[in-house]
Amino acid sequence: MTASSSWTTAQVIFRRLIDGINSLNDGAHDLDDGMATLQDGVIKLNEEGIRKLTDLFGDNVQDVIDRINAVVDAGDDYTSFAGTGDQENSTVKFIYKTDAVKAKED
């Protein structure tokens with residue numbers, strides 16, 4: 001190998017190293033941006049979700065979840081008003097008429 005080809009090889013390796021460093025730097029910036037987005041999302045979840053649930057239910061959140069799950073399970077098992085035979089499949093749907101729900105004005 002000549003001095004000239006060794007120098008060319010070193011230049012190629014050096015260029016790849018620089019390209020790799022630039023890619024790593026770009027990735028670090030993307031990661032930083034992603035972490036900022038994640039942080040904003042966690043703050044929003046806390047303010048608009050968790051804090052509202054905690055204010056509404058206090059320390060009884062698990063009790064509320066258990067009740068909701070029990071209602072859902074009972075609904076899954078409820079398939080007829082009057083009963084059905086063992087071989088019959090049926091479903092029940094409830095339709096509720098309520099007042100309109102309006103969004104709060106800011």
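The radius of gyration of the protein comes out at 31 Å, whereas a compact globule of 106 residues would sit near 13 Å; the value runs over C-alpha atoms, and the globule rule is 2.2 Å times the number of residues to the power 0.38. Along the principal axes, the C-alpha trace spans about 95 × 50 × 30 Å. This is a predicted model, so to speak of local features takes a pLDDT of at least 70 and side-chain atom pairs count only at pLDDT 80 or more, while totals for chains, interfaces and linings use all residues. Residues are numbered from 1 along each chain as its sequence is written, and side-chain values use heavy atoms, with hydrogens and water left out.As for secondary structure, there are two helices and zero strands (DSSP runs numbered from the N terminus: helices are H or I with at least four residues, strands E with at least two). Buried residues account for 3% of the 106, where buried means under 20% relative accessible area, exposed over 50% and partly exposed in between (1.4 Å probe, protein chains only).

Helix H1 covers residues 3-57 and holds aspartate 32, which is exposed at a relative accessible area of 52%. Asp32 also joins Asp26, Asp30 and Asp33 in a negative surface patch; patch residues have over 30% relative accessible area and no salt bridge, with like charges joined within 9 Å and nonpolar side chains (Val, Leu, Ile, Met, Phe, Trp, Tyr) within 5 Å. A salt bridge here is a side-chain nitrogen of Lys or Arg within 4 Å of a carboxyl oxygen of Asp or Glu.

Alanine 100 sits in the segment after helix H2 (61-77) and is exposed too, with a relative accessible area of 66%. Its C-alpha atom lies 33 Å from that of aspartate 40, 60 residues away along the chain.

Technical notes: Areas by Shrake-Rupley, 256 points an atom, 1.4 Å probe, with all protein chains shown as cover. Lys, Arg positive; Asp, Glu negative; His and termini not counted. Charge placed at Lys NZ, Arg CZ, Asp CG, Glu CD.
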